[in-house]
Amino acid sequence: MLKKISPYSLIMLSFVGLIIIGALLLKLPFSHYPDKEVSFFEALFTATSAVTVTGLSIVDIGAVYTGFGKFILLILIQFGGLGVLTISSVFVLLIAKRIGFYTKRLVAEGLNHNKMYDIYTVTKRVVFITLLFEAIGAVLLFGSFIQDYSFFQALFMSVFHSVSAFCNAGIALFPHSFEGYTYNVYVNVIIAFLIIFGGLGFTTIIQAGEYLQHKRRRLDINSQFSILMTVVLLLAGTLLFFTLEYKNYHTLYGKGLFNQLLISFFHSVSLRTAGFDTIPLEHLGSATILFCVTFMFIGASPNSTGSGVKTTTIGILFLGIKTALLNKNYIEFSKRRISWKLFNKASALVFIAMMYVLIMIVVLASIEPHFEFTKVAFELISAFSTCGLSTGITPYLNEASQAILMFTMFLGRVGPLTIALALSRPRAEGNYKYPKENILIG
């Protein structure tokens, strides 16, 4: 029966199912404190935010949900970050020791992995890498949290925030994200590097590990490109955030050069997909908000726990435009030729994403005229990129606007192309081609 459903449809349905189950569990009486009533809509929004690893919230998660509720959120983040089908396949492997062709295809689509013959090995490595990074992050964070909390509180806080950071979820149990650790270099660096590795892509991490162990002579073109784009965006983001905000009294002004650079670096890391913050963002300048939404729109690398249109997509567009401006015939990178079909696919993805974002921003701005347009745009793009950074207006939007943000989070996590392919039907191509003509542009 399941084999009649396309992999794209099953991926989409798996996320929908997990969100509904998560909402029902979060609505249970023992999931939240007795004096904190939670509506089904609030539970659904929170579950959507966790499964799509976004981080936007309309309730104070740390104050509303009990230990059981927070544990449910932890599971939802883990399943959402890795993908429901990936984790399900691991259980199949543990029980049956092998997976069939259809399951391999599902997992390959879910992981955005283009080879099925090695999906058995890749699946095991992805889960191992995830658990390893999260375990190391939890141990390191525990060294800081134990100074402020009891042993078991510090242990749970460490595990929760390590998972949330590596999965690029950005959901924190503190009332104001990591604003209590603004000047704590140790916590800032640990969280930042968990986010970076989580958003770098599993294939890139696997190949980098093999390269360092001298099991591989060189990284493939995709891994090289992912690393290059990540480094460029991190450095550019740090420089832009510092330059645009160092005179802003509410954000960086008067904090000292080292602390200003630390804050700028942390937000450069976080703003593309993670959603943690160490300073209040409601007072960011308009220029900074514009730069932030641009970086959020780009997002993480393919085959990672992050979303957005992806770093490599923007990189391919840049290379294609550069090729056109130089009047060359081929797109080239690292002594390799890149297909123009890939450029066309990247262009289509970015255009679809931009059109959706622009339309939804107009809709939200018309529904919420009392909020600044820049803040409305910030929340919508944060939802689309599953970043989760907020200017603080999400809890105060009406339910229609919050429903739009929910759908946008889902769209951003599953991917516009996945949903389009899930809803489309294959069409047979004709045995003819139309005559070719030119249309003037520019």
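How many cavities of 30 Å³ or more does a search of the whole structure find? The search finds 1. Good morning, everyone. The model I present today is a predicted one, and I shall begin with that cavity before turning to the helices around it and to two individual residues.

The largest cavity has a volume of about 90 Å³. It is lined by 13 residues, and those closest to its centre are Ile195, Ile196, Gly199, Arg272 and Thr273. Three elements give two or more residues each to this lining: helix H9, which covers residues 185–200, helix H11, which covers 221–245, and helix H12. Of these, H9 gives the most, with 4 residues. Sorted by class, the lining of the largest cavity holds 6 nonpolar, 6 polar and 1 charged residues.

Let us look at H9 itself. At the start of this helix, a side-chain oxygen of Asn184 comes to within 3.2 Å of the backbone nitrogen of Tyr186. The buried residues of H9 include Ile195, Ile196 and Gly199, which I have just named among the residues closest to the centre of the largest cavity. Others that are buried in H9 are Val187, Asn188, Ile190 and Ile191. A simple check of length is possible here. H9 has 16 residues, so at 1.5 Å a residue it should span 22 Å, and its end C-alpha atoms are indeed 22 Å apart. After the helix comes Gly201, whose phi is positive, near 110 degrees.

The same check can be applied to helix H4, residues 67–82. Its 16 residues should span 22 Å at 1.5 Å a residue; the end C-alpha atoms are 23 Å apart, which agrees. Among the buried residues of H4 are Gly69, Lys70, Ile72, Leu73 and Gln78.

I turn now to H12. Ser264 is located in this helix, which runs over residues 257–273. Is Ser264 buried or exposed? Its relative accessible area is 0%, and because buried means under 20%, Ser264 counts as buried. The side chain of Ser264 reaches the backbone oxygen of Gln260 at 2.8 Å. Neighbours within four places in sequence aside, Ser264 is in contact with Thr238, Phe241, Phe242 and Leu252.

A second residue of interest is Gln402, in helix H17, residues 399–414. Gln402 has a relative accessible area of 5%, so by the cut-off of 20% it is also buried. Which residues does Gln402 contact, once its neighbours within four places in sequence are left aside? They are Phe41, Phe45, Ile58, Thr394, Pro395 and Leu397.

Next, a word on the pockets. The second largest pocket contains about 640 Å³ of space. Its lining comprises 28 residues, with Pro175, His176, Ser177, Asp277 and Ser390 closest to the centre. By class, 13 of the lining residues are nonpolar, 11 are polar and 4 are charged.

Finally, the chain as a whole. It has 18 helices and 2 strands. Of its 442 residues, 53% are buried. When contacts between residues at least 6 apart in sequence are considered, 68% of them join residues at least 24 apart.

Note on methods:
Residues are numbered from 1 along each chain as its sequence is written. This is a predicted model: local features need pLDDT of at least 70, side-chain atom pairs count only at pLDDT 80 or more; totals for chains, interfaces and linings use all residues. Side-chain values use heavy atoms; hydrogens and water are left out. Buried means under 20% relative accessible area, exposed over 50%, partly exposed in between (1.4 Å probe, protein chains only). A polar contact is a pair of N or O atoms within 3.5 Å; within protein, one must be able to donate a hydrogen and the other to accept it, and residues adjacent in sequence count only if both atoms are side-chain atoms. Contact means heavy atoms within 4.5 Å. On a 1 Å grid over the protein atoms alone, a cavity is a set of points where a 1.4 Å probe fits but cannot get out, and a pocket is an open set with protein on both sides within 12 Å along at least five of seven lines; lining residues have an atom within 4 Å of a point. Grid points are joined across faces, edges and corners, and a volume is the space filled by probe spheres set on the points. Ala, Val, Leu, Ile, Met, Phe, Trp, Tyr, Cys and Pro count as nonpolar, Asp, Glu, Lys and Arg as charged, and the others, Gly among them, as polar. The expected span of a helix is 1.5 Å times one less than its number of residues.
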